[in-house]
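Got the viewer open? Let's take a short walk through this one, with a few selections along the way.

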Amino acid sequence: MKPRYQLVYKKTKTCRVDYHYENRQQSRVDVWLALPEPGSTQRSIQILSQTPAATTSVLPTGNRLAYYELAVGQRAMLSFSFDAYETRLVPAEKAEQPFEAAQLSEDERRFYLRSTPLVPVNDEMRKEAEQIAGDSQDTIEQARRLFDHLVKHYRYQSPPKERGAAAMQCNKKGDCGEFAFLFAAYCRSLGIPCRIAMGAWATGKFQAHAWNEFFAAGVGWIPVDASTAAAMKNPLTQLSCVTRYGTRSSRRYYFGNLEGKRVIFSYDCNLPLFPAYPDHDQPPVPENYQSFMVGGEMLAWGYRSQGGTAPFLQPAYVRFLAKPEPDGVEDYMGAWRVGETSLWALGGLWIKKLSFALFFLFLFLYHGLSLFGVRLEWLNTASNAFFTLLLLTLIARRESYVVTNLLLVLMILSLIGSFSLS
């Protein structure tokens, strides 16, 4: 029987990712680095350059895992390009693309139904998931109810105090990772294979992000981003996300759909490491080393594994041999930048960033000088002009929505009024 829904895809842009991990410590640092794999939302991956690894293995997720032993001052570097695809879940009768039945092996099913420290599958989680899903027996409808529950009852907060689905369930707030962990725990408790996509927004430096994909027989891996949907409840955050990341404004959009402006480094959490993380050979955790709660246990990140696994690879996990100094984010995760490759897309991105910055600059100067009795109307006009340019760029990049369209109308009327008075 043909499924009621189908996933359709549309290429949005080609991106380039440049990643590096630099050993800034005074002793060796070991690095496990996930290499990207093609999927429904990112295709045609080409490795442009990569530092040769000591060993390369394959994770249960399909990602290849590169291992490095970096001496003081050494770098591990990775550059790759990929085609990003917008994903939409549509009724099967409205799909124009040919239907292809998706498959999931038994090994994959078991892996994406397993219980882990960050995604526990237990009686308490199962009881709550069943209560939320109600009487529905349909996989997609069950997942939709779980999504709606998270968006309605949970709040986005970054950084979180604790990592993991259990902490999110208790605190009712967390960042993108916590939303993804809890959604996965709910789904797995109902027997729905679910995985966490660990990646980033395709909008410049760092911009880490996480979301979910759950599997529906005959349809495939269906994307869900509950954290972005929850963030859209705040109008200011909504405008910020649309402007900064190119997100869609509708909360409902993020069940079954993605805008095609992100990269996936690896899938899922609590991943086995090859070669094994040598916890038994690690020196004692240094005094005053920063540990935090991950999956219900205190973890010295980068000094211990979690039962032999990396909590997650975004895209790397590290092993320090001495207390890290310095200890910035890049010392734990490395650094990356995602850029668009076409001149049109890259030009539009820079126009968006520049107009956004100049809008605030002229607005600040206008109101700042007004406090001292100096009113330069041309500063106000310039501010409105750059804001109008920003809104037009959002429309050209398909990143606008009803609020930005309304603001554009108001800005154009304001500009017309300013020139008429002059």
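Before clicking, keep one scale in mind: a residue counts as buried under 20% relative accessible area, as exposed over 50%, and as partly exposed in between. Also bear in mind that this is a predicted model.

**Stop 1: Leu 369**

Select Leu 369, which you'll find in helix 9, spanning residues 343-370. Is Leu 369 buried, exposed or partly exposed? Its relative accessible area is 30%, so it falls in the partly exposed class.

Now show what surrounds that side chain. Setting aside neighbours within four places in sequence, Leu 369 is in contact with Val 374, Leu 376 and Leu 379. Draw a distance from Leu 369 to Leu 379: the two are 10 residues apart along the chain, and their C-alpha atoms are separated by 9.9 Å.

**Stop 2: Arg 114**

Next, jump to Arg 114. Look in the loop between helix 1 (106-111) and helix 2 (123-133). This one is buried, because its relative accessible area is 17% and the cut-off for buried is under 20%.

What does the side chain of Arg 114 have for polar company? One of its polar atoms lies 2.7 Å from the backbone oxygen of Cys 269. Turn to the backbone oxygen of Asn 270 as well, and you'll get 3.2 Å to a polar atom of the Arg 114 side chain.

To see the rest of the surroundings, select Val 119, Val 121, Arg 188, Asp 268, Cys 269 and Asn 270: Arg 114 touches each of these, with residues up to four places away in sequence not counted.

**Stop 3: Zoom out**

Now switch to cartoon for the whole chain. You're looking at 11 helices and 19 strands. The C-alpha atoms fill a box of roughly 75 × 60 × 40 Å along the principal axes. How does the radius of gyration fit a compact globule? For 422 residues such a globule would come near 22 Å, and the chain has 23 Å, so the two agree.

Colour by burial next: buried residues make up 52% of the 422. If you plot a contact map, take the contacts between residues at least 6 apart in sequence; 72% of them join residues at least 24 apart.

Finish with the surface on. The accessible surface comes to about 19300 Å², and 57% of that belongs to carbon and sulfur atoms. Then colour by charge: there are 45 positive and 39 negative charges, and their mean positions are 6 Å apart.

Definitions and conventions:
Residues are numbered from 1 along each chain as its sequence is written. This is a predicted model: local features need pLDDT of at least 70, side-chain atom pairs count only at pLDDT 80 or more; totals for chains, interfaces and linings use all residues. Side-chain values use heavy atoms; hydrogens and water are left out. Helices (H or I, at least four residues) and strands (E, at least two) are DSSP runs, numbered from the N terminus. Buried means under 20% relative accessible area, exposed over 50%, partly exposed in between (1.4 Å probe, protein chains only). A polar contact is a pair of N or O atoms within 3.5 Å; within protein, one must be able to donate a hydrogen and the other to accept it, and residues adjacent in sequence count only if both atoms are side-chain atoms. Contact means heavy atoms within 4.5 Å. The radius of gyration is taken over C-alpha atoms; the globule rule is 2.2 Å times the number of residues to the power 0.38. Accessible areas come from the Shrake-Rupley method with a 1.4 Å probe; for residues, only the protein chains shown count as cover. Lys and Arg count as positive and Asp and Glu as negative; His and the chain ends are not counted. The place of a charge is taken as NZ of Lys, CZ of Arg, CG of Asp or CD of Glu.
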